[in-house]
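Here are my notes on this one, as numbered points. Have the model open while you read.

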Amino acid sequence: MGARQIFSLLPITVRRTPCRLWVRRIVIKADDGQPRREFKKVLVANRGEIAIRVFRALTELHIRSVAVYSEEDRMHMHRLKADEAYLIGQGLSPVAAYLNIKEIVNTAKEHNVDAIHPGYGFLSEQAEFAQACLDAGIAFIGPSPQVMRRMGDKVAARVAALEAGVTVVPGIDTPTDGVTKVLQFGLEHGFPIILKAAYGGGGRGMRRVNAAEEVHEAFARATSEAKAAFGNGALFVEKFIERPRHIEVQILGDHYGNILHLYERDCSVQRRHQKIIEIAPAPNLKSDVRQKMLDDALRLAKHVGYQNAGTVEFLLDPNGRHYFIEVNARLQVEHTVTEEVTGIDMVQAQIRIAEGKSIKELDLSQQSVTPVGSAIQCRVTTEDPGMHFQPDSGRIEVFRCGEGMGIRIDSASAFAGAIVSPYYDSLLVKIIAHSRNYPDTIDKMIRALMEFRVRGVKTNVPFLLNVLGNSKFRDGSVDTCFIDDNPQLFQFTPSQNRAQRLLTFLKEVKVNGSMTPLVTNIPPRKEVPEVPNFDHMPLRKGWRNVLLEKGADGFARAIRKHKGTLLSDTTFRDAHQSLLATRVRTYDLKRISPFVARALPQLFSLEMWGGATFDVALRFLRECPWSRLEELREQIPNIPFQMLLRGTNAVGYSSYPDNVIYRFCEHAKRYGIDVFRVFDSLNYMPNLLLGIEASASAGGVVEAAISYTGDVSDRSRTKYDLKYYLKLADEIVQAGTHILCIKMAGLLKPKAAKILVSALRERYPELPIHIHSHDTAGAGVASMLACAEAGADIVDVAVDSMSGMTSQPSMGAMVAILSGTELDTGNLCQPKKENELDVLAL
């Protein structure tokens, strides 16, 4: 075959593309009248377990693998298993990302991909996708678009089956999107009937209708499911066969007209038309019935010129009559059991056939394909069978799977620490057992499932064990009504979960101390702390009055005009978070609050919320953090309340959606927070920006923080040097902060403090600077003094009894050291002058 002949085989659009693109396609060997190519790079347009399954086959064939992933799958295992991975579907829904034909094909073109494997689900049965691949000069690993259109359309597939002499179930001739035609068919042929999605499978868009009164509701639900899953709500309707077995035949065809079958699978164990357990070969199937079904599958496949892997599905009624229902023009979820009994790697065969190899070149023939033993596949899903198979999601705390001889595990996100997403199919693991015969395989599968330990999310393992132990299942005499006929399958023995309970107990003891009463007759000591008398002390104006009268910008200007050093007291939050694991109750804080309001009106702020207070209040103190904020605000109306906001994490330990952060800040401001200290431990600006914007939008004073590490006074340390912090400060100021904070865990030495704060003060003479430090190294007071001397306006301290070590520097020490200097904190109990704060508020 000459180059011109090869060129004529390429799609017209490929011939018009730049030479670099199509020359790579046609520099291939030509043999047997068909083009051949050697794939160097293959993209898998799918996710999860099937994507990894294809990647493994590609690796064994020495072909480079490419993954695509949605924003929700950024941390999913299939992204990490591929040689290359590219983000798709930004701004789209989680499912729509994998249905975006144009972007997937463009990604493949941009990265010189030779072929695309669709996996199963998503675009795997979309003829438009296969055509788009070919139009772009990219091989599609699957049937031709023409065959996919014919087989993917259930009505056209029926016509093809009739042409091939294969018996079909009575049904309509064309897909319909109108309920009238469905009702008419039911009245003519009698109920029950069944509705099926015309352009997809997997049980989605399928509804049984038992009477005319049910037609409208069933039609609406099936249409909605089909449109959501396949992008087209058209339905196909046919007569419902009572109590059938669901038998499917695996076929494999090349580009040269050679087609063979790989025997059959029994997929009768279904719930709502979703397969749960698959068996190969089908147990208790008469040899003559088996042969007729195999022959019909081959006859139909040859009639339509089928290429690559596919499945011809039949219903087998109790009288031994079989009816063709559909062709799945793709790889099936349950292909694994066929691989186990035949020893043929289905995915590798798909790839080699797409390259142009013949079945003979794959060293296959119908005579050489013989099933050995029996194989069963169980789909372990994150569904709760005790709650009508309600999907579960979350973090897998414990994962241990069954293993050993004859056990195969196909999975993607099954490991301790994995996050099970609510956006996609609930399949967690496919477990496949293979043994010499059907009963032995059942026992092997039961043993493997009993070894499973999954904690953190619910699974259907108890249900699978009940099915495998059922006498009818063991006899191989189940039909598609098996689950509905056996309600005892839903009777479960609760898991003892001993290990997890023990770990929880140890955690509680470690965090909260022993819960065992002491063996003694001495009663516990009850001591109520004495609150100083404050009846004689008036409630004076404080800095919150300035904020309320001048607004956030005027508040910031007033701070800069203030003579002396301002103090922020962390006793109500960070001090007891650092020393007492945040265990001080709202009850205790409320008792001292009226005294604080009267004794310390000159405080810049009370840092009293955020950080770990929210979490600890809910989980350990069993009280409402919002109530704490509201009640303390009522007791202390004159001192600004300050909170620690962890950027996109708010007051939690993982990032939250933007709208959650905005609403959280709105509520915090409404309940009493004035100053929002926004920080990110890694100085990651996107996290800081969200916190800054949300705080400002809520009407709060924004105090964005620089997290300090390293030593700017040591010029040999160049990673976190002065230039780094000044550049970061520029970005924070540009983002719109009212106050600039430097936050560190006791790492800022006095010399470094002077260098950093002096540089920031010189660059931003009008911007208030606030310093926060723990006293871990014991040099906190010296560092705070250096910061104040270098131009800082505010420093964080704690009352003496709660200061030092991992808490903040001592308030008493700072007041005493600065007393009588230009930086004097003044008498915290009252203004230096009677009307000082009144003047500041003007």
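1. Start with β11 and strand β12 (residues 259-271), which pair in the antiparallel sense over six bridges. To find your place in that pairing, look for Ile251, which stands opposite His261 in β12. The two strands form a hairpin with five residues between them, and there Gly257 takes a positive phi near 85°. Bear in mind throughout that this is a predicted model.

2. β11 has another partner too: strand β14 (residues 308-316) pairs with β11 in the antiparallel sense over nine bridges. Here a handy marker is Arg245, which sits opposite Leu316 in β14.

3. How many residues of β11 are buried? Nine of the nine in this strand (residues 245-253) are, so β11 counts as mostly covered. In a regular strand, side chains alternate between the two faces of the sheet. In β11 both faces are covered: one side has Arg245, Ile247, Val249, Ile251 and Gly253, the other has His246, Glu248, Gln250 and Leu252, and all of these are buried. Note that charged names such as Arg245 and Glu248 are on that buried list.

4. Next, a small sheet elsewhere in the chain. Three strands make an open sheet in the order β9-β8-β10, with antiparallel pairing. β9 (207-209) and β10 (235-239) are the edge strands; each has a single partner, so one side of each is left without a neighbour in the sheet. From one strand to the next, the twist averages 25°. Between strand β8 (residues 193-197) and β9 there are three bridges, and the two run antiparallel. Within that pair, Ile194 stands opposite Arg208 in β9.

5. Two helices go with that sheet. Helix α10 (residues 179-189) packs on it, touching β8 and β10, and its direction makes about 5° with that of β10. Helix α11 (residues 215-230) lies across β8, β9 and β10 and runs at about 165° to β9.

6. On enclosed space: a search of the whole structure finds one cavity of 30 Å³ or more. The largest cavity holds about 70 Å³ of space. Ten residues line it, with Glu125, Gly152, Lys154, Gly200 and Val327 lying nearest its centre. Which element gives the most to this lining? That is β15, with three residues. Both α8 (145-152) and β15 (322-328) supply at least two residues of the lining.

7. On open space, I looked at the second largest pocket, which has a volume of about 1,100 Å³. Its lining is made of 30 residues, and those nearest its centre are Arg455, Pro462, Pro494, Ser495 and Gln496. The elements giving two or more residues to that lining are β20 (398-400), α15 (438-450), β24 (453-455), α16 (461-468) and α19 (498-512).

8. Gly406 deserves a look as well. You will find Gly406 in the loop between β20 and β21 (407-411). Is Gly406 buried or partly exposed? Its relative accessible area is 27%, and since buried means under 20% and exposed means over 50%, Gly406 is partly exposed. Leaving out residues up to four places away in sequence, Gly406 touches Ile432, Ala433, His434 and Lys444. By contrast, the C-alpha atoms of Gly406 and Leu539, 133 residues apart along the chain, are separated by 79 Å.

9. Asp574 is another residue to check, this one in helix α21 (residues 571-580). Because its relative accessible area is 4%, and the cut-off for buried is under 20%, Asp574 counts as buried. The side chains of Asp574 and His774 are joined by a polar contact of 3.3 Å. Not counting residues up to four places away in sequence, Asp574 touches Glu607, His772, His774 and Gln808.

10. Last, the overall picture. The protein has 31 helices and 32 strands. Of its 842 residues, 54% are buried. Taken along the principal axes, the C-alpha atoms fill a box of roughly 105 × 75 × 55 Å. Among contacts with a separation of 6 or more, 71% come from residues 24 or more positions apart.

Key
Residues numbered from 1 in each chain as written. Predicted model: local features only at pLDDT ≥ 70, side-chain atom pairs only at ≥ 80, totals over all residues. Heavy atoms only, no water. Helix = DSSP H or I, 4+ residues; strand = E, 2+ residues; numbered from the N terminus. Buried < 20%, exposed > 50% of the residue type's maximum accessible area, 1.4 Å probe, protein only. Polar contact = N/O pair within 3.5 Å; in protein donor to acceptor, adjacent residues only side chain to side chain. Contact = heavy atoms within 4.5 Å. Pairing = 2+ DSSP bridges. Axes fitted to C-alpha atoms, helices over the stretch in contact; angles between N-to-C directions. 1 Å grid on protein atoms, 1.4 Å probe; cavity = no way out; pocket = protein on both sides within 12 Å on 5 of 7 lines; lining within 4 Å. Points joined across faces, edges and corners; volume = space filled by probe spheres on them.
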